[in-house]
There are 4 protein chains.
Amino acid sequence: MKRPARRRIEVGLLGATGMVGQQFAALLDRHPWFRLTWLAASERSTGKRYGEIPWRLASAMPDAASKMTIEEPEPRKAPNVVFSALDASVAGEIEAEFAAAGHIVVSNARNHRMDPVVPLLIPEVNPEHLGILRAQKKAKGWRGALVTNPNCSTIFLAMALAALRELEPRRVVVTTMQALSGAGHPGVASLDALGNVIPFISGEEEKIENETRKILGRICGETFAPAAIAISAQATRVPVLNGHTEAVSVGFSERVSTEEIREAFRKFSGKPQELGLPSAPSAAIVYNDAADRPQPRLDAERFGGMAVQTGRLRPCPVMGHKFVLLGHNTIRGAAGAAILNAELMRAEGVIQ
Amino acid sequence: MKRPARRRIEVGLLGATGMVGQQFAALLDRHPWFRLTWLAASERSTGKRYGEIPWRLASAMPDAASKMTIEEPEPRKAPNVVFSALDASVAGEIEAEFAAAGHIVVSNARNHRMDPVVPLLIPEVNPEHLGILRAQKKAKGWRGALVTNPNCSTIFLAMALAALRELEPRRVVVTTMQALSGAGHPGVASLDALGNVIPFISGEEEKIENETRKILGRICGETFAPAAIAISAQATRVPVLNGHTEAVSVGFSERVSTEEIREAFRKFSGKPQELGLPSAPSAAIVYNDAADRPQPRLDAERFGGMAVQTGRLRPCPVMGHKFVLLGHNTIRGAAGAAILNAELMRAEGVIQ
Amino acid sequence: MKRPARRRIEVGLLGATGMVGQQFAALLDRHPWFRLTWLAASERSTGKRYGEIPWRLASAMPDAASKMTIEEPEPRKAPNVVFSALDASVAGEIEAEFAAAGHIVVSNARNHRMDPVVPLLIPEVNPEHLGILRAQKKAKGWRGALVTNPNCSTIFLAMALAALRELEPRRVVVTTMQALSGAGHPGVASLDALGNVIPFISGEEEKIENETRKILGRICGETFAPAAIAISAQATRVPVLNGHTEAVSVGFSERVSTEEIREAFRKFSGKPQELGLPSAPSAAIVYNDAADRPQPRLDAERFGGMAVQTGRLRPCPVMGHKFVLLGHNTIRGAAGAAILNAELMRAEGVIQ
Amino acid sequence: MKRPARRRIEVGLLGATGMVGQQFAALLDRHPWFRLTWLAASERSTGKRYGEIPWRLASAMPDAASKMTIEEPEPRKAPNVVFSALDASVAGEIEAEFAAAGHIVVSNARNHRMDPVVPLLIPEVNPEHLGILRAQKKAKGWRGALVTNPNCSTIFLAMALAALRELEPRRVVVTTMQALSGAGHPGVASLDALGNVIPFISGEEEKIENETRKILGRICGETFAPAAIAISAQATRVPVLNGHTEAVSVGFSERVSTEEIREAFRKFSGKPQELGLPSAPSAAIVYNDAADRPQPRLDAERFGGMAVQTGRLRPCPVMGHKFVLLGHNTIRGAAGAAILNAELMRAEGVIQ
């Protein structure tokens, strides 16, 4: 069901000039529910037309955005709903300021993700976490609200684990092979990236290990009770443009068959599919039968970059089962994640 | 102790034209103990001078080899000791034929590795496995002998686990990120490799899981008893030229500290170091303190490509401990492995 | 003006399984004038469903095509209009057979390009070359007809030179940096491509030098008189997925200003734009003002891959002027070129 | 003839921490004539041990250097001879200060290259340009001296043209495909480099066009008279680690045969070869007969990275002849060039 959108809601974008900010601008172009009317970025860019910023996506810069002037991140001038692609060095303070001033902030930044009254939202996984917003208002005294989406690698893993929820996954060992676009621009130096694997991404493993437990947990009083699942991540950077690949081993509380897991992946669905949210992929998780898929170069852009793709499911002699997953890090893993969050929030009446 | 080599032993090379064959020729050039005097390859190349073959290493083709004529893989003409870099499609039969005819075959091919009377040798790890050769002679009726080295990814993992042997590792989950040179030439198509991760390498995971148990096992009567260790591997191909990276999680039979593991890596040493074998790295395992090392592009060529490099050792919330390792796949993982095997065999009197 | 297409014309595709064949299938999906109803390929693939073929584009395989069965390249079963993405090793004979049997063959193969009665067609450049088809019928005795498009690098250069035609370019020195997809799959081995430049592509330089003269020439009696322009090409392969870059120096018969050249690029247009052909880019040549553009990764996919992008125009101290150009090699340089040719042929009544 | 070096001369290194600085340190390790005893870099690094600096070469950091402390670029503490790998933003002033203070500065920086009394030296090409140092002393009032080596791409082209000097090359059109290491670290962002060609390198084309004329010119009174040769360069950046490839077309004053050119390449030699300078390649220019060579990945490291490799010589229908050349940009194109300059200066008595 596509919700009839009589008028599109005006939205703003904080941190419009970075890689994720550009992805937001691209995805919001001609969005059926939202109209991007306000762009903000750091001092270096304010006053410039967006079209003057070096555009780093292979698609063309949206015409409408290219003509807009980049403003200061100042709440008074911004529309009620703002997306945040701010850098973590400034996101914490600015986002809080916007929420305090009454804005609904839909953020991709990491700063508030683990805050006990901030939802770490994946619409297919934990839509009920929006229920914490009452406690948030109370605890923070904000007139607005702040909702975050998880780290890119975390989203893909959490969606896969959510699909398996009824099978009771208890232990996860995951190695990520992450794309360069995840580090922004200029990000990784080409001399470090070309023909290389960098076996370290600062803070990434902790995010995967901690955020996933919060996402899969439940509201308990005025905060979240994390899920009882142990996760161990090794994060690496590989010379890929877009698309994080993850090699996952999972142990369950009881014996599970590969067929049960494959079926759980295939039938996994949630509110976005149910409500027909505009950015929702028709299947949240796609299972590939081909022995050598998914692959980032061939598969990351498929399904609008919004599905998590899985493959190579088979028994793991140590843990239980193992498989490979792939997600588009700047779409489902960042800008698209936040936009889907906002769509859910509108469908649920949080954004009006 | 460098063994005084009065005269160098003549050696031959089966499969001289492939990537691994070329690496053999490069490493055997000016070898203090061995003199490469005979090259063989498939029909397509026989009769050509080696210098006419397209040379695919960044180092220059050795002068001496370049002038040699490529012969048929025919035992009668070959020296007593032959290295085999044959393709698995033909190695099984040809190597057996040479061993039957009295040659000592030091092979990198996979065909005979899991044979119950063939040593799967890593000199630092299981030099005593040469003891099976008596049983081999008896079982096969060969006048010569056949010794193999493990699969590249297996060697690096087995060396790391051997270093930890006294700490009793029991469960291993490993994800490999393997270089393109491991697939030979032409190997992986550039359209498949560039900017991509291919999450599948045919047969690789089974080799890592099975070979490691044989290597870490012991001779038991006239065959091998595999080690009691469960291993689960996910093998991927990444756009790296040389150097396989592995993200490893290990569980031990009892509680172990990171410091014990780091020490075990640092003090690990074996017969090659003790005997001063010409190709032995001074340290079999090198531990890197830098947070983002080892990296294939920067580290694979170090220590002559013969050491296994480790790093990022830290607790694993699921398994016990985790770390990253790196090895040069065509040197320590193939040609260099076989040459070190031959050096051990000479030092032990198997090759005379 | 978009021509009202009452019914779509059925078309077939020879060589459907290769890289260019797949690009044809992707571009013909939902084409307003043509409906792909017949796929043929070599023996190895006949009888398979198209969906079983490994699909190598980042976009999804078109649904309709995926259900079709691959047939033998046999004229009797094919629709009247067939595109050819055949490999040069077989294209010569098969295409002639189809043309003889009455088909209109729109080919991307190189075999007949330099035939004195075969048009080497770029709709913006030499639409009048279709006039040779009368002579072709006579000379060949074919009931059908054969039209070819040039080599990829040639198309981009010929379009740029056609834009400058009135300024009378006389001498051209060009270095191409060509993408890997131009070599098909498996094509270039990854070990040869990664981090490398291969300064040789067999036959490429001759094609650029000779085809361009034919394209820019004119019909003269029953054949073509080549243009009086001297061209020297150096062709290299670089590790780029899609998009050939060319560094061009041009000398003119008289003194010309950079402004005249830039204007000529900007105003260049032809029959496809005039007739509103479905695959025509709105501008045949796009000039980039940014100092470091066009770049294949960022720009090749723009404008549907059908425009030639230029930039960095400046005086050349040796030749006159120099600039950089970029074209998408499998779209404007191959499948898209042939489809645009067929669109022109339909608009002109050659295809009915 | 290797000059007997009774004692090694102490040398310093300005700008020791960058990519070129590291290459200097690597090449000076165990140099038979020079001993690196003093390292300087910008404020950010002074006081640190060199071993603490992130080392970016695939070879190991030299032991001796790793233990040295990085000092301020202060003439009083430096040995008499200093190499400069300083960044252009600071090199101009600091190098002049050192020369004024009596040091012999052998610089790779671009700042003083086009100064009318500073030699732009390639030992095989213009060793007699050292004769300008008298005029330099007079004009500058320096107690020491300053000698520079050309830009990397320029060196390779100038060496090739010097080999052809007697054939009187008059017009050159060159397209360069330059490696990432030429931009230093962090240099080019990986998102810009991977799978891409960047058709612009700031200032590079001007350097190639202007420096070459100075190098091939001659001393005329108290300055240089540039050579009468017109050069047009297009410089591009490609995803290659080391090794600049150049596609060159040359026009001569009179008709010349390819055989004459090939012979001129083959027999080209100069003072470094004659004097047996330690870093001199045995052949200054190597001609490759293979149709697809030289290639940066396979060939750049050969001959110690100090030879210019050529290939693909053939007639150019526009200019006269064309060929491909390759040089190692951080060795022969930078650090190795300066060291060879210093070796020549010592052999000629400028350094004592």
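**Contacts, packing and symmetry**

In this predicted model, 36 residues of chain A are in contact with 36 residues of chain B (C-beta atoms, placed from the backbone, within 7 Å). Local features need pLDDT of at least 70, side-chain atom pairs count only at pLDDT 80 or more, and totals for chains, interfaces and linings use all residues. Residues are numbered from 1 along each chain as its sequence is written, and chains are lettered from A in the order in which they are written.

Me: Which residue classes make up the side of chain A that touches chain B?
Reply: That side divides into 21 nonpolar, 9 polar and 6 charged residues. Ala, Val, Leu, Ile, Met, Phe, Trp, Tyr, Cys and Pro count as nonpolar, Asp, Glu, Lys and Arg as charged, and the others, Gly among them, as polar.

Me: Why is α5(A) called roughly perpendicular to α11(A)?
Reply: Helix α5 (residues 152-163) and helix α11 (residues 331-347) of chain A pack at about 90°, with axes 8 Å apart. Roughly perpendicular covers 65 to 115 degrees, so α5(A) earns the term against α11(A). Cys152(A), Ile155(A) and Phe156(A) of α5(A) meet Arg332(A), Gly333(A), Ala334(A) and Ala337(A) of α11(A).

Me: What makes the relation of chain C to chain A that of a two-fold axis?
Reply: A rotation of 180° with 0.0 Å of shift along its axis superposes chain C on chain A, RMSD 0.0 Å. That is the two-fold relation. The fit is by least squares on C-alpha atoms of residues with pLDDT of at least 70 in both copies.

Me: Which residue of chain C comes closest to the rotation axis?
Reply: Gly195(C), at 3.7 Å (C-alpha).

Conventions: Axes fitted to C-alpha atoms, helices over the stretch in contact; angles between N-to-C directions. Helix = DSSP H or I, 4+ residues; strand = E, 2+ residues; numbered from the N terminus. Parallel < 35°, antiparallel > 145°, perpendicular 65-115°, else oblique. Contact = placed C-beta atoms within 7 Å.
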